[in-house]
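Student: I should like a close look at one part of this protein, namely its salt bridges and the elements that they join. Please treat the matter in one connected account.

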Amino acid sequence: MTTEVILHYRPYESETTQLPKIAEKAIQDFPTRPLSRFIPWFPHDGSRLPLKPKRLPPVISEEATEDVRQYLTISEHDIKLQSYDCTVDLLEFQPNLKKKKHLIRSHTLNEQTNSGSLDKQSEKGKRHKKRSWSVSLPSSNCTENIFPLSEKLQDSLKALNLHSFYRARWTIEHTICNNQTLEDIWEKLNRIIRCNELPSCNATIQRHLGQIWVFCDVMYCEYVGSLLKGRLALTGKINLFVHKYGLIFSM
């Protein structure tokens, strides 16, 4: 019995004396170990099967058998026609490698250029993309002028058993923007948050709802609400919501 071995190597590899040794190692038999004797875990005397199928096996007709044979014959013929040479389209395995080095280099440069242009386009897209979140940095300067909560809000917190560190949400509707667009209000709010004038706040704009949500701790909510109404020149009421409790306060 003979074994056919196809060994691919690059033309510029100088140590060709090692190739036969590599081929010999490739066709060596894998080390095997004898399997232990199988001992069934069920009583078996050899006279009958220990497990009986619930249903009879399917009956395969002669026509189905013939169809399967024809299919196998066609598939075997197709497999024989296929080429198993995996280096057909690889430039580095071509005999005229020196002539084609510039093709490889130019192809690599083209890929780098294309990837660079895509990165630049994505950066431009990120710059022009509208910002939808704004987060304030932790600061203790803006908390000095904060007064205690009003009695009305304190009564609501006691009734709902809410701690002062609960997160609450002020909702700014587009209808109270006082002849301003929601985007104008959003830009002003971003500037206020970047200057750390709103303690423990983060905000998001919900363009599909026509709303701006400003999240803050309950202990700062009245200070944040009055600052929002004054600095953003809002007309009308803004509502304070707490998750699972809904509307708890208005200003």
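**Salt bridges and their surroundings**

Tutor: In this predicted model, the side chains of Arg231 and Glu197 meet in a salt bridge, with N and O at 2.4 Å. The two partners belong to distant parts of the chain, 34 residues apart: Arg231 is in helix 6 (residues 221–231), while Glu197 is in the loop between helix 5 and strand 3. Arg231 counts as partly exposed because its relative accessibility is 44%, a value between the limits of 20% and 50%. Glu197 is likewise partly exposed, with a relative accessible area of 24%.

A search of the whole structure gives three salt bridges. As a general matter, side chains of opposite charge can pair when their charged atoms come close.

Another of these pairs is formed by Arg207 and Glu183, whose closest N and O atoms are 2.7 Å apart. This pair, too, links distant parts of the chain: Arg207 is in the loop between strand 3 (202–206) and strand 4, and Glu183 is in helix 5 (residues 182–194), 24 residues away. Arg207 has a relative accessibility of 33% and therefore counts as partly exposed. Glu183 is also partly exposed, at 24% relative accessible area.

The pair of Arg167 and Asp217 has its closest N and O atoms 2.9 Å apart. Arg167 lies in strand 2 (residues 167–173) and Asp217 in strand 4, so this salt bridge ties together parts that are 50 residues apart in sequence. Which partner is buried, and which is partly exposed? Arg167, at 36% relative accessibility, counts as partly exposed, whereas Asp217 counts as buried because its value is 11%, and the limit for a buried residue is 20%.

Asp217 merits further attention. The residue is found in strand 4, which covers residues 211–217. Besides the salt bridge with Arg167, the side chain of Asp217 makes a polar contact with the side chain of Ser200, at 3.4 Å. Leaving aside neighbours within four places in sequence, Asp217 is in contact with Ser164, Phe165, Tyr166, Arg167 and Ser200.

Helix 6, the element that holds Arg231, also has buried residues: Cys221, Glu222, Val224, Gly225, Leu227 and Leu228. The elements that cover them include helix 4 (151–160), strand 2, helix 5, strand 4, strand 5 and strand 6. Among these covering elements, strand 2 and strand 4 are the ones that hold Arg167 and Asp217 respectively, and helix 5 is the one that holds Glu183. Just after helix 6, Ala233 takes a positive phi of about 55°.

Strand 5 (residues 239–242) and strand 6 (residues 246–250), also part of the cover of helix 6, pair in the antiparallel sense over four bridges. Within this pairing, Val242 has Gly246 of strand 6 as its bridge partner. The two strands form a hairpin with three residues between them, and Lys244 in the turn has a positive phi of about 75°.

A word on confidence is in order. The protein averages a pLDDT of 76, and 67% of the residues score at least 70. Over residues 99–104 the pLDDT stays under 50, and the model has four contacts beyond four places in sequence for that stretch.

Terms used:
Residues numbered from 1 in each chain as written. Predicted model: local features only at pLDDT ≥ 70, side-chain atom pairs only at ≥ 80, totals over all residues. Heavy atoms only, no water. pLDDT = per-residue confidence, 0-100. Contact = heavy atoms within 4.5 Å. Polar contact = N/O pair within 3.5 Å; in protein donor to acceptor, adjacent residues only side chain to side chain. Salt bridge = Lys/Arg side-chain N within 4 Å of Asp/Glu carboxyl O. Buried < 20%, exposed > 50% of the residue type's maximum accessible area, 1.4 Å probe, protein only. Pairing = 2+ DSSP bridges.
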